[in-house]
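Colleague: Please put the model up, and I will ask how each label was reached.

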Amino acid sequence: MIIMAVESSCDETAVALVRDGREVLADCISSQVELHKIYGGVVPEIASRKHVEAIYGLADAALEQANLKREDIDAVAVTYAPGLIGAVLVGVNFAKTAAMALGVPLIPVHHIRGHIAANYLAFPDLEPPFLALVVSGGNTLIADVRDYTDLKILGSTRDDSAGECFDKVARVLGMPYPGGAALDKTAQQGDNTKYSFPLSKVADSELDMSFSGLKTAAINLIHNADQKGEELDVPSLCASFTETVREMIVPRVMKALDQTGHKTLAIAGGVAANSVVRAAFEAESAKRGVRLCMPPLKLCGDNGAMIGAQAYYEYLAGNTADQSLNAFATMPVDQ
Ligand code: KG4
């Protein structure tokens, strides 16, 4: 089954062609990152307009890349939630039109389920059940993936996502948006014990996380030093900050592994590219005899292929939509 998959939930427009949820035939992405850089973050209105401009060309490019014709498409899938609502709507409208014109099923896909499904592309033998950690620009959550379309949230951030936290601190340090990768690189030259940041705990929940206190503490430290004319050791600040993010995430995931008894951990989302987080998961998983799945960096960020992978299993589970499909800014992943 060949699925054309569309992703437009934030600042990447993407169209992919995926066979049977596992084989990527084409993966075309148009990133708007350069465009939003001057604003220090994504401007929703601009994102929507750029999706409109890019999406048709990307669909044609995907068909050309896969050497396929429109008639070869068996279904059209699309991210319908969560995301910037105007941006998601562009993809949803395109997918509805394409499905109607081609006379094929329409498959709505939850963006976070897509991030987890990036692992199905990278690890062909990976099958549920397993534990998943999603650490992206918009979300941070730990999920028990009981089956392809049966997920249970075990813990999630109560406020900001880890990615948002990286990006805001990087921005205050003058790094270009999205600053996570630049902050990671700078941190590699620093001492991660030089600055101490608060490690928040969420009352009554062992697995929920909180990043806003850490974000505010880091930003205040930078502003205070600036006002007093004190020089900061930026690499060490980045390293200490990253260490606190690691301390927030990694032990909770290990606890979730203990609670569920899962022997496989799949990690997804842009922050999974962080060198400290990656190294920590590699070490902890090896210690516990847990199989660690981390997709290559190009599958960690937003892409259409991951939506096509999840779409196949949503289709098998009967989760298709009609032309009344709408877009949603928020939606629980286990709904
Ligand atoms: O998954 P993604 O592309 O977008 C969402 O769906 O949200 O994740 C983007 C996030 C951004 O916050 C970016 O700064 C962060 O991933 N990121 C990193 C690194 N590479 C990307 N954060 C920390 N360290 C990195 N190396």
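The questions below deal with overall shape and aromatic pairs.

Modeller: This is a predicted model, in which local features need pLDDT of at least 70, side-chain atom pairs count only at pLDDT 80 or more, and totals for chains, interfaces and linings use all residues. Residues are numbered from 1 along each chain as its sequence is written, and side-chain values use heavy atoms, with hydrogens and water left out.

Colleague: Why is the protein chain called as compact as a globular protein of its length?

Modeller: Its radius of gyration, taken over C-alpha atoms, is 20 Å. The globule rule (2.2 Å times the number of residues to the power 0.38) gives 20 Å for 335 residues, so the chain is as compact as a globular protein of that length.

Colleague: What makes Y80 and F328 an aromatic pair, and why is it called edge-to-face?

Modeller: Rings of Phe, Tyr and Trp (its six-membered ring) pair if their centres lie within 6.5 Å; planes under 30 degrees apart count as stacked, over 60 as edge-to-face and the rest as tilted. Here the centres are 6.2 Å apart and the planes at 90 degrees, hence edge-to-face. Y80 lies in strand 4 and F328 in the segment after helix 11, so the pair ties together parts 248 residues apart in sequence.

Colleague: How do you know whether Y80 and F328 are buried or exposed?

Modeller: Buried means under 20% relative accessible area, exposed over 50%, partly exposed in between (1.4 Å probe, protein chains only). Y80, at 16%, is therefore buried, while F328, at 36%, is partly exposed.

Definitions and conventions. Helices (H or I, at least four residues) and strands (E, at least two) are DSSP runs, numbered from the N terminus.
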